[in-house]
Structure formats: C-alpha cells, structure tokens
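Work through the exercises below with the model open. Each one sets a task and then solves it in steps.

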Amino acid sequence: MVGRRKLLKSLSLLPLAGTVLGSEWLHGQSMTKKVLEATASRNFFKELGIRTFINAAGTYTSMTGSLMPEEVTQAITYGASEYVNLDELHDRVGERIAELLDCEYATVTSGAFGAMTIGLAGVISGMDEDKVAQLPDTTGLKNEVILQESHNIVYTHALKNVGVKIITVKTAKELKKAINPKTAMLWFLNANTDEGEIKHEEFIEMGKTFGIPTFIDCAADVPPVENLFKFTKMGFDLVAFSGGKGLRGPQSAGLLLGNKELILAARQHTPPRGHTIGRGMKVNKEEVLGMLVALELYLQKDHHKEWEMWESQIKLISDSAKSVKGVDTEIHTPKYANHVPSLKVRWDQDRVKITPNEARKKLKEGHPSIETVGNDKEIGITTWMMTPGQERLVAQRLKEVLSYS
C-alpha cells in the first residue's frame, strides 16, 4: 500500500508535471508546424525520380485520374484533423448527397468498382447479418446476375467478387427466359448502351415486372451533369459513378445512388464492419468529405462555359496539327462515357514519315511530357484534364513532332 506521506509528495508534483507535459506538447505542435511547412515545399515526385506530364488523354486510372480542385484538397486536409464516428459521417454525407441529387439515398464508395461489389452484396444479403458474413459463399442464396453480352467487360469482376455467376443474353426475349429464382440482379453498362439490343427503359421494365433490382454502371458518364439525376429518375434501383473522373473528387472514391433500403444493405458490407467482403473497400473521413465537396463544386459549375472552353482548346490543337501538310483531324464527342470534345489526328505517312505510335512516344518522352491515347492509325487527344494554358504547349509540341519527323 502507498503511504500517506509518499502519496501527498506524488500529488504535489502533479502541477509541475502538467507544466512540463504542456510545454512538451506545445513544443511538439511547433515542430509539427515546421514539418508541415517543410513538406509543403518538397517536390515528392522529383525526389522519387518520377516524371509528371500533361494529361491530353483523359481520366485513366493508370494516369491517376483527375486533379482535385483546391477546395477538395482543403476538405481532405480538414478531415485529417479531427476524429469522428465513421458510420455517422457516412450517414450524414449520404443524406446530403441524396438531397443534392434529388434521389432516395446515396453513399460514398471506393470507386464505381467498389459500388458495384457492395451494391450487389447488399441486394443478396439484405440486412441479414448471417448472409452478410456468408458472402462470397452464395450457397442457398440468389447468385446469378444477368447482363447483355456486349456489356460483359473486365469490370464485371466487381460482381464476380460477390460469388455470383454472370449470365449473358443478347435480346429481351433471352433476358426474360434467363430470369429464374436464382436471379439476384440485372446489370447494365451505360458506356455500351448502343452495343446492346436492350435499352434502358425496356431493361428497367423487365426488372420491375419480375421484382428484380436493376443496376447501371455510369462510371465515366459525367459530364453531362444531367446524368447525375437522369438514371435514378428513370427507375434504376442502383446507379454508380466514379468520383475521380469528371467530378474531380478523390480518385479512390465513387458514388452509389438510388434505393435507400438497398444502399443501407450495401453499407453492411463496408467498414467499420470487419467480417465482410467489403472490408478492404474502406472510404475514410478524408475521402468522404472530399467527395462531398467535389460534388458540390461540380453542381455549381458553369457547365456551358466549361464546354465552350474545351471546344476552343480542341480547335486550337486541331488547327495547329492541320497546319502540317498531310495531316487531317476529326473533332468529335463520344455519345456515352467521356462525353467531352475530343480530337483524332491522322496523317498520310508517305508525307509525314512517322507512325502514330512513334509520335505518341515522342510526345511522352519530350519536354514537357505529354500523354495521349491512340492506336496504329491515329492519335487521340482531349483537353478536359489539362490545366488551362497547357493546350498551347500540346498544340506546339504536336506540330513539332509531326513537322520534324
């Protein structure tokens, strides 16, 4: 037992200890501030020997998507400064996003891919904790997802992660015939709308007729801004968007919109719960706030003015390329996915003695480094991921590469 005299002596030292500890804390805060100031001036990519580039290609994950506005990075920094309850934050932000997009409910996900996985998982499990823990073992559960053959791309792996079997069809008649008691969901890829015989309305109607949830993947379908509202209004039960593409939010974030009951079930598969297939698809407070602010900013934009800027930038690059004899260009806008003014550059290789792949390599390896897309016949360019002014550098470098080949 501690003696009375020793206890009193210990207590008498507490104010001094508090002073010392407080002084150490203040010193630590001062050091932290200095570290942050030093960090702000560091060129991390240069330190690591990594070249940065002008993005004339688009919102490709391999090229790290898009650049976030300052307001988004400020929200992320703010989020890193405090502790909150993760579920409560997801609840409040989901309600706010649903209000902004005039839909029943929403949640921030780990990209559109993550939205597909947890969305389907929620459809299969509902709020049943035993079923939540059982996945991806679908024994005794609905375990088939039907989609059009032309929509069966690599990203359907997000569905296979849940343990389901993919059933492909070509016609509405085949779709109707394929539906059975094991059918969990009907999945639609918006980017490939024109490649499938079954269109949106007929697909939705089929789901409603048989009481099967419908899901549409709209990962790269912003812009136009109207798409954020269109598909929930149309009647799809679940809609997924990437957060780090046209919305310019965190590259690892996305949105799941639609039916509240299904989204709440999807949330049962996400952290902080640890016995689920979505445990590794964590979206922490920083990304949640960043995604919310990115969406708010996007909705406030003058989209018409931005479109006019893109058109002007593409025309500038097109005119510069066409000034080289033998070069031809085509300005176009994809109907679905990456719906922005874009440029195709082609040329007569008897007059311009360089292949498109060689030209793209020179653009990438030059100064500044410029990333484009394309194939053996053409170079593809967009400007929507550029910082304004970079289009002039791209126009100049493209002309140089084609002129001095």
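How many cavities of 30 Å³ or more does the structure hold? The structure is a predicted model, and two cavities reach that volume.

**Exercise 1. Describe the largest cavity and its lining.**

Step 1. Start with volume. The largest cavity takes up about 90 Å³.

Step 2. Find the centre. There are 13 lining residues, and His90, Val108, Thr270, Met281 and Val283 are the closest to the centre of this cavity.

Step 3. Assign the lining to elements. At least two residues each come from helix H5 (86-100), strand E2 (105-109) and helix H6 (111-125). E2 gives the most, with three residues.

Step 4. Sort the lining by class. It has six nonpolar, six polar and one charged residues.

**Exercise 2. Describe the second largest cavity, then look for a salt bridge in its lining.**

Step 1. The second largest cavity has a volume of about 30 Å³.

Step 2. List the lining. The residues are Pro223, Gly246, Arg248, Tyr298, Lys301, Glu306, Trp310, Trp384 and Met385.

Step 3. Sort them by class. Five are nonpolar, one is polar and three are charged.

Step 4. Take two of the lining residues, Lys301 and Glu306. Their side chains form a salt bridge, with 2.9 Å from N to O.

Step 5. Check exposure. Glu306 has 16% relative accessibility, so it counts as buried. Lys301 has a relative accessible area of 29%, so it is partly exposed.

**Exercise 3. Compare the make-up of the two largest pockets.**

Step 1. Begin with the largest pocket. Its volume is about 920 Å³.

Step 2. Its lining has 40 residues, and Thr59, Tyr60, Ala220, Lys245 and Asn338 lie nearest the centre.

Step 3. Name the elements. H6, strand E10 (342-347), strand E12 (373-374) and strand E13 (379-382) each give two or more residues to this lining. H6 gives the most, with four residues. H6 also supplies at least two residues to the lining of the largest cavity.

Step 4. Sort the 40 residues by class. The lining divides into 20 nonpolar, 15 polar and five charged residues.

Step 5. Turn to the second largest pocket. It holds about 370 Å³ of space. Of its 16 lining residues, Thr52, Phe53, Met63, Thr64 and Leu67 are the closest to the centre.

Step 6. Repeat the sorting. This lining has eight nonpolar, seven polar and one charged residues.

**Exercise 4. Locate a nonpolar patch on the surface and check one of its members.**

Step 1. Identify the patch. Phe44, Phe45, Leu48 and Ile50 make up a nonpolar surface patch. Together they have about 420 Å² of accessible area.

Step 2. Place Phe45. This residue is in helix H3 (residues 44-47).

Step 3. Is Phe45 buried, partly exposed or exposed? Its relative accessibility is 47%. Partly exposed covers the range between 20% and 50%, so Phe45 counts as partly exposed.

**Exercise 5. Contrast a salt bridge between two helices with one inside a single helix.**

Step 1. Get the total. The model has 18 salt bridges.

Step 2. Take Arg267 and Asp91. They form a salt bridge, with the closest N and O atoms 3.1 Å apart.

Step 3. What does this pair tie together? Arg267 lies in helix H12 (residues 260-267) and Asp91 in helix H5, so the bridge ties together parts 176 residues apart in sequence.

Step 4. Check exposure at both ends. Arg267 has 5% relative accessibility and counts as buried. Asp91, at 23%, counts as partly exposed.

Step 5. Now take Arg397 and Glu400. The closest N and O atoms of this salt bridge are 2.9 Å apart.

Step 6. Place both partners. Arg397 and Glu400 lie in helix H16 (residues 390-403), three residues apart, about one turn of the helix.

Step 7. Check exposure again. Arg397 is buried, with a relative accessible area of 15%. Glu400 is partly exposed, at 27%.

Step 8. Which residues join into one network through shared partners? Asp87, Asp91, Arg267 and Arg273 do, by way of salt bridges.

Definitions and conventions:
Residues are numbered from 1 along each chain as its sequence is written. This is a predicted model: local features need pLDDT of at least 70, side-chain atom pairs count only at pLDDT 80 or more; totals for chains, interfaces and linings use all residues. Side-chain values use heavy atoms; hydrogens and water are left out. On a 1 Å grid over the protein atoms alone, a cavity is a set of points where a 1.4 Å probe fits but cannot get out, and a pocket is an open set with protein on both sides within 12 Å along at least five of seven lines; lining residues have an atom within 4 Å of a point. Grid points are joined across faces, edges and corners, and a volume is the space filled by probe spheres set on the points. Ala, Val, Leu, Ile, Met, Phe, Trp, Tyr, Cys and Pro count as nonpolar, Asp, Glu, Lys and Arg as charged, and the others, Gly among them, as polar. Patches are made of residues with over 30% relative accessible area and no salt bridge: like charges are joined within 9 Å, nonpolar side chains (Val, Leu, Ile, Met, Phe, Trp, Tyr) within 5 Å. Accessible areas come from the Shrake-Rupley method with a 1.4 Å probe; for residues, only the protein chains shown count as cover. A salt bridge is a side-chain nitrogen of Lys or Arg within 4 Å of a carboxyl oxygen of Asp or Glu. Buried means under 20% relative accessible area, exposed over 50%, partly exposed in between (1.4 Å probe, protein chains only).
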